[in-house]
Amino acid sequence: MAVVLVTGGAGFIGSHIVDALVAKGHSVRVLDNLEPQVHGDRHTPPGYLNKGVEFYKGSIDDPAMLREVLPGVEVIFHEAAMVGVGQSMYEIHRYVEGNTAATAFFLEYLVRNPEVRPKKLIVASSMSIYGEGSYRCRDGATIHPRLRPRAQLEDRRWEVLDHDGHETSPLPTAEDKPLYPTSIYAVTKRDHEEMCLSVGYAYKIPTVALRYFNVYGPRQALSNPYTGVGAIFSARLLNGKPPIIFEDGEQTRDFIHVSDIVQANMLAMESEKADYQALNVGTGTATSILGMSDLLSRYLGFSGDPLILGKFREGDIRHCIADISKARTLLGYEPKVALKDGIGELVKWVEGQEGVLDRSDQATEELRRWGLTD
Ligand SMILES: NC(=O)c1ccc[n+]([C@@H]2O[C@H](COP(=O)([O-])OP(=O)(O)OC[C@H]3O[C@@H](n4cnc5c(N)ncnc54)[C@H](O)[C@@H]3O)[C@@H](O)[C@H]2O)c1
């Protein structure tokens, strides 16, 4: 059994990783600064955090805290990050400081203090680093486009077009697709991945970067308007409001239940086969945003229609679905929870929350104010 540190372990994904580690008998430490946007004004860990952990409230770039937390740690899961994609586009310095610079500090601390270097580092990366997914053109060629041209979006032509102006069809996105992050958040996640992999390689710390796709499940922050679409739609529906949908709602994502994210993390810890590599962690199944809205509306008994804006947001991609063959081959990873089965758990969690605030109108207004929607 190992001594394991989970940074960001009081958050949505980190807390589920913590549960799995405790269940396996590991000794678990959590380092989390309880970011107010996620945790409100609480100064103690959220009630769902496993009672069997040692909790440290603090940031990954606080040397005094690292001196206390790191001695004896053998495995690190690095989940701590600020996760607001839209917000990162106008709080640029805050995101670069909180994500890129804080992780840089954390890594440098490990480098300068060899006695606390772990035997394994697993870092949460993100599908957002790809930008658009891969596409097949009408002539059969595969392309990896950058963002759709603004003039095309202003014409409300939402699908990615090939060089001849024909609509393309989405393909599974593999790890070797060029990375074209389209938000500051995504840039910082690429930094997380690349900094951890390069430091890990240089200092012989076996490191794995897991590129999570769109994660949903219980404990997803609901009052934070900058998180996943499942939580945002649920918060609106619970307040009797229709989900707000950009473009036409036919854009697709790969929604993955948090338990499958945990599965991939456990496999990455227990195997050496993925060391020094980046792996997609998704399901390989495409679901449209409209489909997600319908599913949640049915579960929450909302009979109205979603609000389809027919507008676009800067940096939004059309389709990105994971090619999971690398994780399958190297780790034996196999997604187990289909969206239709897993969504009930998210809904139950949402229903159990008191005073769920829906701040998505405010978030949309903020994007408009910054000129990030048309
Ligand atoms: N949720 C998704 O769909 C998704 C998709 C791809 C990647 N990810 C990545 O997974 C990780 C976890 O995301 P989540 O959805 O659980 O978000 P979350 O906001 O629920 O959890 C992040 C946690 O990190 C903590 N934190 C933030 N900055 C910190 C710092 N400097 N020091 C210590 N703690 C800090 C926060 O308080 C929070 O508890 C993040 O790295 C995120 O980028 C998430």
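A polar contact is a pair of N or O atoms within 3.5 Å; within protein, one atom must be able to donate a hydrogen and the other to accept it, and residues adjacent in sequence count only if both atoms are side-chain atoms. One such pair involves Ser-288: a polar atom of its side chain lies 2.8 Å from the backbone nitrogen of Gly-291. The model here is a predicted one, where local features need pLDDT of at least 70 and side-chain atom pairs count only at pLDDT 80 or more, while totals for chains, interfaces and linings use all residues. Residues are numbered from 1 along each chain as its sequence is written, and side-chain values use heavy atoms, with hydrogens and water left out.

Ser-288 sits in strand β15 (residues 287-288); strands here are DSSP runs of E with at least two residues, helices are runs of H or I with at least four, and both are numbered from the N terminus. Ser-288 counts as buried because its relative accessibility is 17% (buried is under 20% relative accessible area, exposed over 50%, partly exposed in between, with a 1.4 Å probe and protein chains only). In helix α9 (residues 289-299), the buried residues include Ile-289, Leu-290 and Met-292. After α9 comes Gly-301, with a positive phi near 65°.

Now for strand β4 (residues 75-78). Val-75 and Phe-77 point one way and Ile-76 and His-78 the other, and all are buried. In a regular strand, side chains alternate between the two faces of the sheet. Strands pair if DSSP finds at least two bridges between them. β4 runs parallel to strand β1 (residues 3-7), joined by four bridges, and Phe-77 is the bridge partner of Val-6. Four bridges also pair β4 with strand β5 (residues 120-126), again in the parallel sense, and here Ile-76 stands opposite Leu-121. From β4 the chain crosses through helix α4 (residues 92-112) to β5, a right-handed β-α-β crossover (with the strands pointing away from the viewer, the path from the first strand over the helix to the second runs clockwise).

Next, the empty spaces. A cavity is a set of points on a 1 Å grid over the protein atoms alone where a 1.4 Å probe fits but cannot get out, and lining residues have an atom within 4 Å of a point. Two cavities of 30 Å³ or more turn up, and the largest holds about 50 Å³, a volume being the space filled by probe spheres set on the points, which are joined across faces, edges and corners. Of its 11 lining residues, those closest to the centre are Glu-35, Gln-37, Met-82, Val-83 and Tyr-95.

Terms used:
1 Å grid on protein atoms, 1.4 Å probe; cavity = no way out; pocket = protein on both sides within 12 Å on 5 of 7 lines; lining within 4 Å.
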